[in-house]
Amino acid sequence: MHEMSVALAVVEQVAEAARRHRAGGVERVVLRVGELAGVVPDSLAFCFELACAATVLENAELVTEWLPGRARCHACGHDWATGLPPQLACPDCGSADTELLGGRELEIGAVHWAEPAAVLDEE
C-alpha cells in the first residue's frame, strides 16, 4: 500500500526532528499533498494512525492540505486546474506543449510540537 510507505516515511522524519528538538511529543503534522500525487485520503489517515502507534507521534493529528493540479500551455500561456483525471492538453488552444506546475507535491508542511508536561511541586 503506497499510503503506508508515505505514512511511515513521514513518521520517521518527524520522529527524527523531534529527537533533534528534544520534543516530548507531537500534536499535529501538516502534510501538503497534490491531487496528482496518487494518495487516497482515507487510506493515508488510517495508515498514519497505525504508523504513529508507540512513537513520539502517538495520538498526533494529521492535517492534510490538498493542493490542486495546475498546468500552463507553452503555446498560448494559458494556466488551468488540471482536475482528475488530469487534463494535460490546453483547454484554450488544444496544444500538448504544456508544463505541469503543481499537483504532485508530497511534503511535510509543518509540525506542531506538544507542550512539555507541567512539573508539579511536591512539598
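Contacts in this predicted model lean heavily on residues that sit far apart in the chain: among contacts with a separation of 6 or more, 71% come from residues 24 or more positions apart. Burial is another matter, with 29% of the 123 residues counting as buried. The accessible surface adds up to about 7800 Å², and carbon and sulfur atoms hold 51% of that area.

As for overall dimensions, the C-alpha trace stretches over about 80 × 25 × 20 Å along its principal axes. Two helices and six strands make up the secondary structure, and reading from the N terminus the elements go α-β-α-β-β-β-β-β. The chain is more spread out than a compact globule, because its radius of gyration is 20 Å, well over the 14 Å that the globule rule gives for 123 residues.

Turning to the sheet, three strands come together in the order S2-S1-S6, and the sheet they form is open, with mixed pairing. Strand S2 (61–67) and strand S6 (106–113) take the edge positions; each has a single partner strand, so one side of each goes without a neighbour in the sheet. On average, neighbouring strands here are turned by 20° against each other, direction ignored. Strand S1, covering residues 26–34, runs parallel to S2, and seven bridges join the pair. Within that pairing, Leu 31 has Thr 64 of S2 as its bridge partner.

Both helices can be placed relative to these strands. Helix H2, residues 41–52, packs on the sheet and touches S1 and S2; the direction of H2 makes about 155° with that of S2. Helix H1, made up of residues 2–21, lies across S1 and S6, and H1 runs at about 40° to S6.

One residue of H2 is worth a closer look. Cys 47 belongs to this helix, and its relative accessible area is just 1%. With the cut-off for burial set at under 20%, Cys 47 therefore counts as buried. A C-alpha to C-alpha comparison with Trp 66 puts the two residues 17 Å apart in space, with their positions 19 residues apart in sequence numbering.

Notes
Residues numbered from 1 in each chain as written. Predicted model: local features only at pLDDT ≥ 70, side-chain atom pairs only at ≥ 80, totals over all residues. Heavy atoms only, no water. Pairing = 2+ DSSP bridges. Helix = DSSP H or I, 4+ residues; strand = E, 2+ residues; numbered from the N terminus. Axes fitted to C-alpha atoms, helices over the stretch in contact; angles between N-to-C directions. Contact = heavy atoms within 4.5 Å. Buried < 20%, exposed > 50% of the residue type's maximum accessible area, 1.4 Å probe, protein only. Rg over C-alpha atoms; globule rule 2.2 N^0.38 Å. Areas by Shrake-Rupley, 256 points an atom, 1.4 Å probe, with all protein chains shown as cover.
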